[in-house]
Number of protein chains: 2
Amino acid sequence: MKKNDYHHGNLKEEFLRIAFDFITQHDVEQLTLKILSDATDTSRSAIYRHFSSKDALIETMILSGFEQFDAALSPILRDPKKPLIERFYLAGRTYIRFATENPGLYRLLFGKRYVHIREEVISLGDERIGFGALKKAIEEGQQSGLLKKEDSFTQAVVVWSSLHGLASLIIDGFMDVENNWDIHYEALFRSLLAGIVSKKIKLLSTLPFAEGIMKP
Amino acid sequence: MKKNDYHHGNLKEEFLRIAFDFITQHDVEQLTLKILSDATDTSRSAIYRHFSSKDALIETMILSGFEQFDAALSPILRDPKKPLIERFYLAGRTYIRFATENPGLYRLLFGKRYVHIREEVISLGDERIGFGALKKAIEEGQQSGLLKKEDSFTQAVVVWSSLHGLASLIIDGFMDVENNWDIHYEALFRSLLAGIVSKKIKLLSTLPFAEGIMKP
DNA sequence: GTTTTTATGTAAACAATGTTAACATTATTT
DNA sequence: AAATAATGTTAACATTGTTTACATAAAAAC
């Protein structure tokens, strides 16, 4: 329409920004190219100068989304100032919070539709991020005597399953918990601890962060 | 096309049958009305004589799907011939198996898109099915002394989260476990037991069904 | 500084999809 | 036998992602 709108300048970033903005309220399936072109006041096909397809844009979102996710979790999981068990607790809590605060993004990252993208970026074996980082932290806990010395992969699967399940049930509307998911997370964490922590360790009540949180 | 194809007879059931057949291999998002009309050799709008919309057909599938799901789980969870802990074990195992054998259906039932339908049918408070049945079984376990006497709702959430999480991670391709998910399920179950079972009970090794399955 | 090339935008057209409206045929009821 | 309801078809729409041909601005080459 407008004549001077050629060469918008940063259309690509605009598209991504609007798309990210959109999935804070909706789901990625509801995102349409018309929404993007309308919001940027461009034509319906302008996006194809910056992304080869709608999926390509979404794939870019996924890469960025995993970076955000990792940026939220990694520092907590490897904070050298805190004891390992507290890092587990806080990282799990952050995991759930990330999902509840970004439900559309979480579903995009952990849904089935774009698995192939995730496989490109996130290798299960990479110790720096995601599942690999969790597994490494568990091995660290085993060596320190905090955790039972079992297969760390399997233990990581148990932990991840619980977190992913709780997060999914909350954001997909299977519980009317809304904001007070804390109770369920803490029950989940205690259950995980009971299953994983070495029995020799006296835990919980002696941990500073657990005051008022973990009742016997 | 053909003249004598008027009044197919049982088109509605045919549509449903084909749709169910379809999601054994694909996902419900990929189901299109053309697929249904082609498979029944009818016109593209014939379906509207039996369902008010595509979503209406899918909603019917969901109702039927939950019946199947419940039919697979309920008998196991309340089998009077087996001890409660074994019923838990077997029901959880059946839960995961149902998901892995019917991934498309499981995603349809427990995905977010059609939450409203599920809310119509499945009340969290209904003790006969789903979450309510699990909660009731947990309360039964508490009364018998098997389980810790904590909030049964919260305990049920922990159990369901773990199962839903493991099932989702498997069918959504986050683990290359494919068929041998047994190991992970058993680790999960042991972890759940450790978190829920009353410590006074000597378990696992004395249970007949646990032979060779649950190592200390 | 002009020309050429590249980057970035638009407009028009397609095919696929869900849906509706008008019409046709068979089954059922009266 | 006639009237009505049930069930199916055809044609047309709006929406969506996408491609093609064209237009304009910016950058590079000369």
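This is a short back-and-forth about the helices, core and chain contact of a predicted model.

Reader: What makes up the secondary structure of chain A?
Author: Chain A has 9 helices and 0 strands, so reading along the sequence you get α-α-α-α-α-α-α-α-α, with helices counted as DSSP runs of at least four residues. Buried residues account for 36% of its 216 residues. Among contacts in chain A between residues at least 6 apart in sequence, 62% join residues at least 24 apart.

Reader: Why are α3(A) and α4(A) called roughly antiparallel?
Author: Look at the angle. The axes of α3 (residues 54–77) and α4 (residues 84–101) of chain A cross at roughly 165°, and anything over 145 counts as roughly antiparallel. That is why the pair gets the label roughly antiparallel. The two axes come within 8 Å, and the crossing is right-handed.

Reader: Which residues of α3(A) and α4(A) meet there?
Author: From α3(A) you have F69(A), A72(A), L73(A), I76(A) and L77(A), and they meet R87(A), L90(A), A91(A), T94(A), Y95(A) and F98(A) of α4(A). By class, that contact splits into 9 nonpolar, 1 polar and 1 charged.

Reader: What makes α7(A) and α8(A) oblique?
Author: Here the axes of α7 (residues 130–144) and α8 (residues 152–171) of chain A cross at roughly 120° and come within 9 Å. Roughly perpendicular covers 65 to 115 and roughly antiparallel starts over 145. The value of roughly 120° falls into neither range, so the pair is oblique. This crossing is right-handed. On the α7(A) side, the contact is made by F131(A), L134(A), K135(A), I138(A), E139(A) and Q142(A); on the α8(A) side, by S152(A), F153(A), Q155(A), A156(A), V159(A) and W160(A). Sorted by class, the residues are 7 nonpolar, 3 polar and 2 charged.

Reader: How do you know that α5(B) is largely enclosed by the rest of the structure?
Author: Count its buried residues. In α5 (residues 103–110) of chain B, 8 of the 8 are buried, so the helix is largely enclosed. They run P103(B), G104(B), L105(B), Y106(B), R107(B), L108(B), L109(B) and F110(B). The cover over them includes α3 (54–77), α4 (84–101) and α8 (152–171) of chain B.

Reader: Why is L166(B) called buried?
Author: The bar is 20 or more other C-beta atoms within 10 Å. L166(B) has 30 of them, so it is buried. This residue is in helix α8 of chain B. Leaving out residues up to four places away in sequence, L166(B) touches S161(A), I96(B), H184(B), Y185(B) and L188(B). W181(B) is 15 residues away from L166(B) in sequence, and their C-alpha atoms are 9.0 Å apart.

Reader: What does each chain bring to the contact between chain B and chain A?
Author: Chain B puts in 29 residues and chain A puts in 29 residues. On the chain B side, the elements giving two or more residues are α8 and α9 (182–196). With 12 residues, α8(B) gives the most. That side of chain B divides into 14 nonpolar, 11 polar and 4 charged residues.

Reader: Which residues touch the most other members of the largest nonpolar core?
Author: A167(A) and A167(B), out of 105 residues in that core. Not counting residues up to four places away in sequence, A167(A) touches Y95(A), I96(A), A99(A) and Y106(A). As a broader point, nonpolar side chains in soluble globular proteins tend to be buried together.

Terms used:
Residues numbered from 1 in each chain as written. Chains lettered and ligands numbered in written order. Predicted model: local features only at pLDDT ≥ 70, side-chain atom pairs only at ≥ 80, totals over all residues. Axes fitted to C-alpha atoms, helices over the stretch in contact; angles between N-to-C directions. Parallel < 35°, antiparallel > 145°, perpendicular 65-115°, else oblique. Left-handed = near helix turned anticlockwise from the far one by under 90°. Contact = placed C-beta atoms within 7 Å. Nonpolar A, V, L, I, M, F, W, Y, C, P; charged D, E, K, R; others polar. Buried ≥ 20, exposed ≤ 12 C-beta atoms within 10 Å, placed from the backbone. Core = buried A, V, L, I, M, F, W, Y, C linked by C-beta atoms within 7 Å.
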